[in-house]
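This report describes a protein model, its empty spaces and a few of its residues. Please look over the sequence and the structure before reading on.

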Amino acid sequence: MKLSIIGTGYVGLVTGTCFAEVGHHVICVDNDAAKVKMLQAGGIPIYEPGLEELVKKHVASGHLKFTNSTAEGVEKSDVIFIAVPTPPQPDGSVDLSYIERVARDIAAAMTSYKIVVDKSTVPVKTGEKVTETIKRYCPAKVEFDVVSNPEFLREGFAVGDLMKPDRVVIGVGSQRPVAAMKEIYTPFNAPIIVTDINSAELIKHAANSFLALKISYINAIANVCEAAGANVQEVAQGIGLDERIGRRFLNAGIGFGGSCFPKDLSAFIKIAEQIGYDFKLLKEVQHINADQMDRFVKKITDTLWVLRDKKIGVLGLAFKQNTDDVRSSPAIDLCQRLLKDGATLRVHDPKGMEKAKAILPNVTYVEDMNDVAEGCDALVVATEWDEFKQLDLARAKKGLTHPILFDGRNLFNPAEMEKLGWIYKSVGR
Ligand code: UDX
């Protein structure tokens with residue numbers, strides 16, 4: 001099918017590329033001229049495993065094109081996906097101005113029936129506004145359908161999540177766009193759920209909030225485990241084997257971050273409030289998440305006492321593994337708190353260092369994770385990168401003035417660390 005995607009951020013770029021991979025003809029539109037040029041030349045503005053190869057493959061095959069012109073995208077496609085940012089505002093609500101702008105641009109360019117699909121994460125009832133806007137700003141007064149098709153990809157696993165989705169949600173206001181939407185998604189072999197538009201929009205916020213709730217739940221359990229002398233990983237395994245609960249997203253740590261969970265929680269609480277429901281449960285999820293970082297910082301200061309003039313090695317800057325994304329990263333938050341208390345930092349992240357430099361200028365960036373401990377008073381693990389498990393512990397121990405490790409992601413085994421002579425503090429164990 002002929003598709004266009006407006007916005008080449010995480011969601012837009014990966015979606016467009018995966019659509020090309022299953023044989024659709026895709027035009028990706030972005031108003032950032034430098035980005036479009038880079039993509040046309042086969043370059044990639046983000047780190048995402050497997051993405052670069054696919055972009056190159058389909059730029060070469062002709063299935064994937066990039067342009068600055070929304071009008072070109074609209075004119076040459078039957079279905080237009082909106083995948084622009086929906087950033088948070090200071091009061092927690094969502095800034096929908098990019099969505100509104102794009103809806104107007106699409107409307108202005110439409111000269112025949114089009115399906116306009118919202119893929120950006122938006123509060124419930126946005127589809128109604130997009131429909132009104134297109135109607136108002138379309139001089140040709142052609143017919144169209146607005147569809148809500150939320151995206152559930154995780155950064156770091158985006159290509160895999162898109163190629164093998166757990167489900168595809170299609171929210172429609174009439175039956176007319178259903179066949180085309182099913183045709184787009186049939187090659188992905190996933191269950192397709194057709195709902196009304198409001199329900200589809202709600203599914204996205206409800207799913208992300210539930211996952212965040214699951215993490216805060218296990219973090220709260222971790223705190224009880226610490227007080228009771230139990231092990232949160234054993235508890236997670238014990239409850240996670242119950243299929244109704246499931247083991248995934250039950251990893252205790254220093255809390256969740258990234259550009260989705262914190263923003264989506266605030267947005268969901270806000271929209272619920274606007275339509276008359278006080279979502280206290282989700283406010284508590286936020287509270288536990290903030291508290292988790294406080295507790296971890298306290299663990300560090302309880303052990304090191306004064307942080308002024310202490311040198312601390314930090315492993316991890318990205319908000320999770322397999323990404324270079326440092327937006328709303330708990331690891332960055334932790335670094336900033338340690339710096340504020342007067343510590344100096346030596347930091348390493350396998351992919352996130354370049355992007356971290358802009359927000360964390362006054363630290364020493366170390367290329368090799370095994371050099372981070374050199375001359376430090378303690379080492380901290382802040383991101384769950386698998387490769388940190390391969391840290392040369394003997395070398396790190398030699399490099400440190402004292403063998404102290406604060407593991408904010410529970411990557412090492414407490415009994416083994418103790419046997420190796422470490423003062424080892426993790427979360428909930
Ligand atoms: C999330 C959703 O998973 C995805 O479906 C949605 O489309 C976008 O938001 P993402 O933000 O990429 O994806 O990251 P995710 O893998 O969900 O992790 C979010 C945060 O939770 C990270 O900071 C991670 O470290 C933390 N986390 C995750 C935990 O602390 N414990 C866990 O068990 C899982």
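The lining of the largest cavity divides into three nonpolar, three polar and three charged residues. Here Ala, Val, Leu, Ile, Met, Phe, Trp, Tyr, Cys and Pro count as nonpolar, Asp, Glu, Lys and Arg as charged, and the others, Gly among them, as polar. The model is a predicted one: local features need pLDDT of at least 70, side-chain atom pairs count only at pLDDT 80 or more, and totals for chains, interfaces and linings use all residues. Residues are numbered from 1 along each chain as its sequence is written, and side-chain values use heavy atoms, with hydrogens and water left out.

## Domains

The protein chain is divided into domain 1 (2–190) and domain 2 (197–429), with bounds that come from an automatic or database domain assignment. Domain 1 gives 34 residues to the contact and domain 2 gives 28, where contact means heavy atoms within 4.5 Å. Taken over C-alpha atoms, the centres of domain 1 and domain 2 are 32 Å apart.

## Cavities and a pocket

Rolling a probe the size of a water molecule over the atoms shows where empty space is left. On a 1 Å grid over the protein atoms alone, a cavity is a set of points where a 1.4 Å probe fits but cannot get out, while a pocket is an open set with protein on both sides within 12 Å along at least five of seven lines; lining residues have an atom within 4 Å of a point. Grid points are joined across faces, edges and corners, and a volume is the space filled by probe spheres set on the points.

The structure holds two cavities of 30 Å³ or more. The table lists them with the second largest pocket.

| Space | Volume | Lining by class |
|---|---|---|
| Largest cavity | about 50 Å³ | three nonpolar, three polar, three charged residues |
| Second largest cavity | about 40 Å³ | two nonpolar, three polar, three charged residues |
| Second largest pocket | about 270 Å³ | nine nonpolar, four polar, four charged residues |

N223, E226, G253, I254, Q292, R295, F296, K299 and V427 form the lining of the largest cavity. Two elements, α9 (197–228) and α12 (280–304), give two or more residues to this lining. Helices (H or I, at least four residues) and strands (E, at least two) are DSSP runs, numbered from the N terminus. The largest share of the lining, four residues, comes from α12.

Around the second largest cavity are D118, S120, T121, V122, S148, P150, E201 and K204.

The second largest pocket has 17 lining residues, and V94, L96, P123, T126 and K129 lie nearest its centre. Two or more lining residues come from each of α5 (97–109), α6 (126–137) and α11 (261–274). Why does the second largest pocket lie between the domains? Domain 1 and domain 2 both give residues to its lining, so the pocket lies between them.

## Helix α13

Helix α13 covers residues 330–340, and P330, A331, I332, L334, C335 and L338 in it are buried. Buried means under 20% relative accessible area, exposed over 50%, and partly exposed in between (1.4 Å probe, protein chains only). These buried residues pack against α12, β9 (311–315), β10 (344–348), α14 (353–357) and β12 (378–381). At the N-terminal end of α13, S329 acts as a cap, with a side-chain oxygen 3.1 Å from the backbone nitrogen of A331. G342, just after α13, takes a positive phi of about 100°.

## Three loop residues

H24 lies in the loop between α1 (10–21) and β2 (25–29). With a relative accessible area of 5%, H24 is buried. A polar atom of the H24 side chain lies 3.0 Å from the backbone oxygen of I184. Neighbours within four places in sequence aside, H24 is in contact with M1, L3, F19, H63, E183, I184 and P187.

R154 is in the loop between β6 (144–148) and α7 (158–163), and counts as partly exposed at 25% relative accessibility. Leaving aside neighbours within four places in sequence, R154 touches E48, D161, R248 and K320.

D78 sits in the loop between α4 (70–75) and β4 (79–82). Its relative accessible area is 39%, so D78 is partly exposed. Beyond its neighbours within four places in sequence, D78 is in contact with K2, K114 and I115.

Methods: A polar contact is a pair of N or O atoms within 3.5 Å; within protein, one must be able to donate a hydrogen and the other to accept it, and residues adjacent in sequence count only if both atoms are side-chain atoms.
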